[in-house]
Every structure is written in structure tokens, then in C-alpha cells.
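Reader: I'd like a close look at one part of this model, the second largest pocket, and then a walk outwards from there. Could you take me through what lines that pocket and what surrounds it?

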Amino acid sequence: MTYRNPPTTPRKSATFDDYTLSEIRRAAATGIYDIRGAGAKRKLPHFDDLLFLGASISRYPLEGYRERCDTSVVLGSRHAKKPIELKIPITIAGMSFGSLSGPAKEALGRGATLSGTSTTTGDGGMTEEERGHSQTLVYQYLPSRYGMNPRDLRRADAIEIVVGQGAKPGGGGMLLGQKISDRVAEMRTLPKGIDQRSASRHPDWTGPDDLEIKILELREITDWEKPIYVKVGGARPYYDTALAVKSGADVVVIDGMQGGTAATQEVFIENVGQPTLACIRPAVQALQDLGMHRKVQLIVSGGIRNGADVAKALALGVDAVSIGTAALVALGDNDPRWEAEYNELGTTAGAYDDWHEGRDPAGITTQDPELMKRVDPIAAGRRLANYLKVMTLEAQTIARACGKNSLHNLEPEDLVALTIEAAAMAGVPLAGTNWIPGKNGF
Amino acid sequence: MPAINVSKALDQSQASRVFDLAEMPLRELNQALHDLTPGSNQTAWEVLNPKGSHSVAVGVDQPVTIDVRGSVGYYCGGMNDGSSITVHGSAGPGVGENMMSGTITVKGDASQYAGATGRGGLLVIEGNASSRCGISMKGIDIVVHGNIGHMSAFMAQSGNLVVLGDAGDALGDSIYEARLFVRGKVESLGADCIAKEMRPEHLELLQGLLDRAGVTGVKAAEFKRYGSARTLYNFNIDNADAY
């Protein structure tokens, strides 16, 4: 009888996990990096790592379903003659026509208008669907300047100068040729079917001093009526916020690395930028240091999913949040009803992110006429409105429990963190302690 | 004796308006220009003492003439849509940026990004232009009597850039469908930009542009044409060395 050592359980490397191995094989087979949409998918410190304390003796709660909790917000009160007034502090982030189908853009407009909030254009310029159905529309002034013109500037309710976005601070984009329909090509002044590259930087200014002059130009063109937002990817939130304020912005928009994109390199999405949670306190600190907190409004986006996220972001000092990916899901993207078709594309509902390929079974991130028929703009708009209503009610419920008669009265003191990382990033105590890592040098 | 039409007389007296920026703020000038309505009698405008002011006459959308007596700063005539602006001096960065239609003439030199992202109209620079002239142009026609700097027509999508003098480094880098005509020397061509055959239709097009820009004594045949090799229109990993 021979003695055999007992077998050990096969062990896969935590470093070379199944996903990493598949990426190496894919890179070796194709010679090109992976391009996809959406934001960072890796686990990051997030709002889930914070908890509200609620009221007991030291705080006095408000009665749910009885006592009022205000949700309205005014954006652009610093310089604009016509600031934006929204009923809820949740806006729809910029997503371009071209990346999204016409019916999807219309649905966003319908849903936002029903909810008393704004939508935002994108790299493809302003469409009639969107202007016609969005009561409040923010017009993005982008590095690519596709379809940019002064007539649309004047038809907008605010102007958002996009310097960067959370999924790719410092990066441009590429809309692959298969999504370039006749209409998209015409709007972008390029031939049909070629890859349309979105620039990573504005062609006619280079730094904060130039930005200040650019903002002056946009104000002059629009007779100082429209609020000017400046949107940056969450990379250096303290300095970028301070410089945006210095340049004259009415509103600063910070997009954390969970913020989505239409298409860029996976390695970029997952490795550049900072988590949304890590961006908020430095941005608020910059505003406070300049004496501009609440005078220049702060919008934060990137991975906002529910009313708790909204309430936590507001408690940390922002004036409003913005949603992109969540809004697409509310419209019907990644819905399990299309599971068979997602499977044919080599993925599954909930993981589909090849939005740039134009084959979205849900008909949302496509220019295919047959697929886009699957979006009923009225019904999808209603779903978005329902979702926004739920988020707002959830945020109000939490705020009342913290004794606040306005969402904007939430404050860092209402929060604790579950992890040291989140406590350090958010600048709130670790639960059960009065320790804020990094505060006072500890 | 016929009655005097007072309102008509007033209109005619306002046909030419002079704005002295040494005495009036820029905001008043731009607001007055934006308040113009189609058919207005106020068709001639004069701007005195610009002294390098930024955003002079931006966003004008009526077919008026504007003479700026002196040099301007950034973005003069930005997004112009139909007016004819003449700068009797030099222009700072971004003159005529994102112009839609109309004409802008700079009698002196222009700084960086002249005509950037312009979608239509004609920009004439009678002196030299600096770097990035016509960057990301999207339909505008630009005629430069002198030389242009480096990275001009970078990512130029459509329209025409005419240079009577020389062009700097990396002309037309990553160019799409814009046409570049250079009479002098080109320091170097950017990625995907190549010299192209000058066919009769190009000679005709160029001659028309020279005529519109008031260029005399120069023949279209003296220019070389440059445009896209179209090898980078769709990303291919085998072309990665070009980036």
C-alpha cells in the first residue's frame, strides 16, 4: 500500500482572479484594450459606508407624513439673472444624443419635467426631443463642440462647461462608427460611419485664467441670464473647485469615479479619479475656505442610487446630486426582460456596458431604429418620475428622522462611518467613537 | 408742406452707432448688439478704444457691420452669426471662435486658436496667425495672408484653411474632412495629414476664397493642398504607432 498525500483544494490567486485572467487572454487575442461604458465597477468606499444617527433625546425628530420637509433648491444664484429653481435636489446628468437614442432623450425630458428637475444635453448637441420635453435644460459646452451654436445657448436654461467627467478625468471619448447614423453625423459635422473622437481638452483655452475669460464670453453671449456650471471629474476636488470658483462659476459639478461614460478604456475607468465619497468634503472645504459655500452651489454625481445616497451627499455639504446610470436603469436599461438578448451579446442583464456598440437590447444606448422603438418615451418618462419621487421621499424620511425641515439642513454631525476609510474620506467619526481619522493630525 | 416723419428721422440718426469702450462698459455694447431685431436701421456700428478688451461683439446674430478701431483681447466676434466685423488692429486668442456665419476681418495679427471650432462664415487675418489656427474647425473658411503657427487645423473636421505664407509644425494633425491650402513652406505635417492633388474644383474653390478675402495678385495655382489620408478614421490597433 502506497501512501498518498491528501490533495489540497485548488487555490486561485487573489491577484490573478478569473476576471483578470480573462482580460489577459482577451488582450493577447485582440491586441487592443477593452472599451466600455459605465463607471468604475470595483468596490469603492461609498455612501453605504455611512450611517445616519437619527434623533432621540439630543435631537428632536419631525413627524413623517405630517411635517413638511423642503426639497427645493436654487442653482446659479451667484451671478445669473435667471437662476434655476428645482423642486428636488436630484438632476439628470449629461448624456449625449448619439450615445442615447432620441426616444431615450425624450423620456429623460419627460421624467425630469414631471419631477420638477432638469436634464442635461451631451456631446451630440441639443435635440428638439430634449428641448421640447425638458422644462429645464442644461446645455453642455464640451471640448468637442459638436453641434455647438449660440442659438442653442440662448434656448438653454443653464450652461455647463464640461472640463472632465468622473469615469475619465483628463480623457476624451470615442463614439464608434457603427453608432453614427445620418442624423448623428450631421449634428457632429462628420461623415457617417467614422469613429467620432471627443477631445480631452477644450481647443481654445488652457487654464483657469483662460476659463475665466471663456466664462465671461459665454455670459456676454447670453446677456448674463444663464447660470454657468463648471463640471470636473473627481480627481483634485479641492483645487479644481477653488479654481472653478475663481474663474467665476455659479455652480461646480464634481463627478466621482463611479460616474458613467458612454465609452472609454476599462483601465482608465477603473484606475483614474477618486471615489465620489472622497470628493465631497475637499470640494466643500474649498468652498468654505473661500467663503462661498452655499453661494456657489455644489452638485455631486457618480453612483447615486437612492434617497439615502442623496441625503448623505447633502449632509456632507452638497446642494444637489446628479444621476446618469441610475436614470438609464429607471428608463429600462439592463432590464432582465431582455436577458436572452444580453446573453447573445455575451453578457447578462445588470452587467451590459458595451453601450458604444449600438446594440443595446433595451433600445436606450443605440441608434438602431428597430431597437429604439422598444422605448416608449411616455411610459419610460413615467418610470423615471416614479424613481425620482421615491428617492426624494426616502431622503425626506431620513431628514425628518434627523429633525430637519429641509434636506439642506442635514449636516456632517448627522453621520457616522462604518469604516476607517469612509470616516477619513467623509470627515465624520468612526461609528462608536469620536475619532475622525486625519483630523488634527491623527 | 408735408409733415415731417419724426420717427423715421430718429431711426436714420441712429443708423450708425458709436460705442467708446473708454467711456461705456462692454456689457452695454454687447447688450445693444443683442437687442437688434431683423430689419433694424442700425446697420453700422463702430467700437472705439477696445484696448485689448475680451469678448468684444460676441454672439451677434444680425447682418450689421462693426468696425473695431484698435486691438482686442480674447474671443472677439465669438459665435458671430451673420455680422461683418473688422478689427482695425490685432486680435487676441480665439477670434471668431465657433463662428456660425458672417465675416470677421483682422487687419493686424491674430493670436492662438483663431477660428477655433468655427462652423461657418469667413475669417480673414491680414497679418499672421499664431498656433492652433482653425483648431477643430467645423465648416468655417479661414484665410491668413501671412504665416500660421504650429498645430494649426488640429482635428479639423470641415471647412477650408488658406495660408498665403508658411505653416508651422504638425499642420492638420488628426484632420478629418477640412481642406488646407498653403502657398509657402509647411514645417511638418501632423498624423494622417498628407499633400493632395490640386484638381480643377479645388482651384476654383480656392480662387473663390481668395477673391472673397480680398487677396489680389496671387494665383490659386501657387498653393499646395493638404488633407486627410483617412487612415485613422476608424481605430485600428495596427495604426497605434501613429498616435
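Author: Let's start with the space itself. The second largest pocket holds about 700 Å³. Keep in mind that this is a predicted model.

Its lining is made up of 30 residues, and the ones nearest the centre are G172(A), G173(A), R197(A), S198(A) and M155(B). So what supplies the lining on the chain A side? Three strands of chain A give at least two residues each: β9 (173-175), β10 (196-198) and β13 (264-265). In terms of chemistry, you've got 14 nonpolar residues, twelve polar ones and four charged ones around the pocket.

M155(B) is among the residues nearest the pocket's centre, and that takes us to the contact between the chains. Chain A puts 41 residues into the contact and chain B puts in 39. Together the two chains bury about 3400 Å², with carbon and sulfur atoms giving 53% of that area. On the chain A side, R197(A), P203(A) and E220(A) give up the most area to chain B, and the three together account for 19% of what that side buries. You've met R197(A) already, as one of the residues nearest the centre of the second largest pocket.

Now for the polar side of that contact. There are six salt bridges between chain A and chain B. One salt bridge pairs the side chains of K214(A) and E97(B), at 3.5 Å from N to O. Polar contacts between the chains come to 19 residue pairs, counting pairs with both residues at pLDDT 80 or more. As for helices, α4 (150-155) and α6 (208-221) of chain A each bring at least two residues to the side that touches chain B. The biggest giver there is α6(A), with eight residues. Sorted by class, that side of chain A has 18 nonpolar, nine polar and 14 charged residues.

Zooming out to charge pairs in general, the total over all chains is 48 salt bridges. A nice one within chain A joins R183(A) to E129(A), with the closest N and O atoms 2.9 Å apart. R183(A) sits in helix α5 (residues 182-188) and E129(A) in helix α3 (residues 128-133), so this pair ties together parts of chain A that are 54 residues apart in sequence.

Back to empty space, this time the enclosed kind. The structure has four cavities of 30 Å³ or more. In the largest cavity there's about 90 Å³ of space. Its lining has 14 residues, and T91(A), A93(A), T120(A), E160(A) and S322(A) are the closest to its centre. Four strands of chain A each provide at least two lining residues: β5 (90-92), β6 (118-120), β11 (228-233) and β14 (297-301). The split by class is six nonpolar, six polar and two charged.

The second largest cavity has about 40 Å³ of space. Around it you'll find G122(A), G125(A), Y139(A), Q140(A), Y141(A), L142(A), R145(A), Y146(A) and M148(A). That lining comes out as five nonpolar residues, three polar and one charged.

If you want a place to start in your viewer, put the second largest pocket in the middle, with R197(A) and M155(B) both among the residues nearest its centre. From there, follow R197(A) into the contact, where R197(A), P203(A) and E220(A) lose the most area on the chain A side to chain B.

Definitions and conventions: Residues are numbered from 1 along each chain as its sequence is written. Chains are lettered from A and ligands numbered from 1 in the order in which they are written. This is a predicted model: local features need pLDDT of at least 70, side-chain atom pairs count only at pLDDT 80 or more; totals for chains, interfaces and linings use all residues. Side-chain values use heavy atoms; hydrogens and water are left out. On a 1 Å grid over the protein atoms alone, a cavity is a set of points where a 1.4 Å probe fits but cannot get out, and a pocket is an open set with protein on both sides within 12 Å along at least five of seven lines; lining residues have an atom within 4 Å of a point. Grid points are joined across faces, edges and corners, and a volume is the space filled by probe spheres set on the points. Ala, Val, Leu, Ile, Met, Phe, Trp, Tyr, Cys and Pro count as nonpolar, Asp, Glu, Lys and Arg as charged, and the others, Gly among them, as polar. Contact means heavy atoms within 4.5 Å. Buried area is the accessible area (1.4 Å probe) that two parts lose on being put together, summed over both. A salt bridge is a side-chain nitrogen of Lys or Arg within 4 Å of a carboxyl oxygen of Asp or Glu. A polar contact is a pair of N or O atoms within 3.5 Å; within protein, one must be able to donate a hydrogen and the other to accept it, and residues adjacent in sequence count only if both atoms are side-chain atoms.
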